[in-house]
Amino acid sequence: MPQRLVFVYNADGSRLAGLKDMFHKILSPSTYQCSLCAVTYGATSMQPEWRAFIKALPVPVAFLHRDEFVRDYPQWARHPLPAAFAVGEGGALTPFIEASEMDAADLNGLMELVRERL
């Protein structure tokens with residue numbers, strides 16, 4: 001079992017980027033690039049079902065925006081996002097859920113993927 005999970009949004013973390021993403025998600029959801037954001041967040045806050053799910057997991061969960069992830073893990077800068085990574089001994093990352101899997105999942109499907117892989 002991993003020491004923790006890191007979910008990485010395909011969106012930057014600044015306030016301006018957040019506002020832009022919020023409007024993009026509302027006005028043109030079919031072209032929004034972060035499926036993780038789209039299924040786990042409403043217009044302004046995390047979906048309650050997702051929040052309860054991650055709190056109940058047997059490992060800690062962290063969330064990073066694309067710019068934070070590239071800063072902290074530059075060797076993974078070209079990895080397709082959104083994605084989730086398992087953090088093992090010594091902080092090594094291993095892909096846990098790939099972008100293509102996130103893109104194909106709704107909220108229930110994403111939670112099922114996490115359950116299966118843990």
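## Salt bridges

Let's start with a charged pair: Arg71 makes a salt bridge with Asp72, and their closest N and O atoms sit 2.8 Å apart. (Salt bridge here means a side-chain nitrogen of Lys or Arg within 4 Å of a carboxyl oxygen of Asp or Glu.) This is a predicted model, where local features need pLDDT of at least 70 and side-chain atom pairs count only at pLDDT 80 or more, while totals for chains, interfaces and linings use all residues. Residues are numbered from 1 along each chain as its sequence is written, and side-chain values use heavy atoms, with hydrogens and water left out.

Back to that pair: Arg71 is exposed at 58% relative accessibility, whereas Asp72 is partly exposed at 37%. As for those labels, buried is under 20% relative accessible area, exposed is over 50%, and partly exposed is in between (1.4 Å probe, protein chains only). Searching the whole structure turns up 3 salt bridges. Side chains of opposite charge can pair when their charged atoms come close.

## Charged pairs at the C-terminal helices

Another salt bridge links Glu101 and Arg117, with 2.5 Å between the closest N and O atoms. Glu101 belongs to helix α5 (residues 99-104) and Arg117 to helix α6, so this pair ties together parts 16 residues apart in sequence. Both ends count as partly exposed: Glu101 at 24% relative accessibility and Arg117 at 34%.

Helix α6 also has a salt bridge between the side chains of Arg115 and Glu112, at 3.0 Å from N to O. These two are 3 residues apart in α6, which puts about one helical turn between them. Arg115 is partly exposed with a relative accessible area of 44%, and Glu112 is partly exposed at 35%.

## The overall layout

Zooming out, the protein chain has 6 helices and 4 strands. Helices (H or I, at least four residues) and strands (E, at least two) are DSSP runs, numbered from the N terminus. Along the sequence they come as β-α-α-α-β-α-β-β-α-α.

The chain has 118 residues, and 40% of them count as buried. About 6700 Å² is exposed, with carbon and sulfur atoms supplying 55% of that; these areas come from the Shrake-Rupley method with a 1.4 Å probe, and for residues only the protein chains shown count as cover. As for contacts (heavy atoms within 4.5 Å), take those with a separation of 6 or more: residues 24 or more positions apart account for 59% of them.

## The sheet

The 4 strands make an open sheet with mixed pairing, in the order β2-β1-β3-β4. Its edge strands are β2 (61-64) and β4 (93-97), each pairing on one side only. Two strands count as paired if DSSP finds at least two bridges between them. On average, neighbouring strands here are turned by 30 degrees against each other, direction ignored. Axes are lines fitted to C-alpha atoms, for helices over the stretch in contact, and angles run from 0 to 180 degrees between N-to-C directions. Helix α6 (residues 107-117) lies across β1 (4-8) and β4, at about 130 degrees to β4.

Now for β3 (residues 83-87). Strand β3 pairs antiparallel with β1 over 5 bridges and antiparallel with β4 over 4 bridges. Leu5 has Ala86 of β3 as its bridge partner, while Val87 is matched with Leu93 in β4. In β3, 5 of the 5 residues are buried, so the strand is largely enclosed by the rest of the structure. In a regular strand the side chains alternate between the two faces of the sheet. Both faces of β3 are covered, with Ala83, Phe85 and Val87 buried on one side and Ala84 and Ala86 buried on the other.

## Loops and backbone oddities

Most residues other than glycine have a negative phi, and most peptide bonds are trans. In the β3-β4 hairpin, with 5 residues between the strands, Gly90 takes a positive phi near 70 degrees. Leu81 and Pro82 are joined by a cis peptide bond with omega at about 5 degrees, and Pro82 sits in the loop between α4 and β3.

Tyr73 is in the loop between α4 (66-72) and β3. Tyr73 is buried, at 14% relative accessible area. Setting aside neighbours within four places in sequence, Tyr73 is in contact with Arg4, Leu64, Gly91 and Leu93. Tyr73 and Ala92, 19 residues apart in sequence, are 9.9 Å apart from C-alpha to C-alpha.
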